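Got your viewer ready? Load the model below and we'll walk through it one selection at a time.

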Amino acid sequence: MAGEEKNLVEILEEHCPIDLSKYINFVHAPHCGAIATFSGTTRDTFEGKTVMELRYEAYVPMAIRRMKSICSSARSSWNLSSIAVAHRLGAVPVGETSVFIAISSVHRADALEACKFVIDEVKASVPIWKKEVYANGEIWKENSEFLERRLGLVEGRRDEGKASSMREFEVEAHNGKSCCGAKVKVDDGSDIAT
């Protein structure tokens, strides 16, 4: 596919496990010497609590659009052949995959670096929300990448004199600039800022 971006971006509905071989086969190419993958799986404990499952929700049209944008950004930084990104919605039991990324390139450095970039960006900026379900309760969780990005935006606004606290940032996010309440804030451009 010379000159054409070969990407596969999917959000899978509840009860649809991620078929890892589908995405690896998609990115496989005879001219590529590397396929880097990342598989995010539900672990059984978090900070001493027994995890039963994770539950994911998403604003799907925006999530797809943002993941495609992330793929384009990766291509602008590394020499990549194909990219596949899949994320599940609904309940994901312990041991099952909730997010999978596969990237192929001629040389391993490009695929490995791009794979890390893609998962970090997915966790930081795609409108997908996670609830951890424990044996004795549940809690919505923010990814550390999301929090770091959000704090970075607040610091940038402080530097510009536009906001002096996290509370002001949260109020601003609720005053017409958010499509989904506190879950996502839409930037003035076409990308999502969180």
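Start by selecting I35, which sits in strand β2, residues 34-41. Keep in mind as you look around that this is a predicted model. With a relative accessibility of 34%, I35 counts as partly exposed. Now add L20 and I24 to the selection: together with I35 they make a nonpolar surface patch of about 190 Å².

Zoom out for a moment. The protein has five helices and 11 strands, and 44% of its 194 residues count as buried. Show the surface and you're looking at about 10300 Å² of accessible area, 51% of it belonging to carbon and sulfur atoms. As for how the chain folds back on itself, take the contacts between residues at least 6 apart in sequence: 68% of them join residues at least 24 apart.

Next, pick helix α2, residues 60-77. Its 18 residues should span 26 Å at 1.5 Å a residue, and the end C-alpha atoms are indeed 26 Å apart. Colour its buried residues: M62, A63, I64, R66, M67, S69, I70, C71, A74 and R75.

Stay on α2 and centre on M67. Is M67 buried or exposed? M67 is buried, at a relative accessible area of just 1%. What does M67 touch, leaving aside neighbours within four places in sequence? Its contacts are V9, E10, I11, V85, V122 and V126. Draw a distance to that last one: the C-alpha atoms of M67 and V126 are 6.8 Å apart, although 59 residues separate them along the chain.

Now for the charged pairs. There are eight salt bridges in total. Select R55 and E138, whose side chains meet in one of them at 3.5 Å, N to O. R55 belongs to strand β4 (residues 49-58) and E138 to strand β9 (residues 137-141), so this pair ties together parts 83 residues apart in sequence. Both are partly exposed: R55 at 33% relative accessibility, E138 at 44%.

Keep E138 selected and add K131; they form a salt bridge too, with the closest N and O atoms 3.0 Å apart. K131 is buried, with a relative accessible area of 14%. Add E53 as well and you have the whole network, E53, R55, K131 and E138, joined by salt bridges that share partners.

Last stop: helix α3, residues 108-125. Here K116 and D120 form a salt bridge, with 2.6 Å between the closest N and O atoms. The two are four residues apart in the helix, so about one helical turn separates them. K116 is exposed at 54%, while D120 is partly exposed at 24%.

Terms used. Residues are numbered from 1 along each chain as its sequence is written. This is a predicted model: local features need pLDDT of at least 70, side-chain atom pairs count only at pLDDT 80 or more; totals for chains, interfaces and linings use all residues. Side-chain values use heavy atoms; hydrogens and water are left out. Patches are made of residues with over 30% relative accessible area and no salt bridge: like charges are joined within 9 Å, nonpolar side chains (Val, Leu, Ile, Met, Phe, Trp, Tyr) within 5 Å. Accessible areas come from the Shrake-Rupley method with a 1.4 Å probe; for residues, only the protein chains shown count as cover. A salt bridge is a side-chain nitrogen of Lys or Arg within 4 Å of a carboxyl oxygen of Asp or Glu. Buried means under 20% relative accessible area, exposed over 50%, partly exposed in between (1.4 Å probe, protein chains only). The expected span of a helix is 1.5 Å times one less than its number of residues. Contact means heavy atoms within 4.5 Å.
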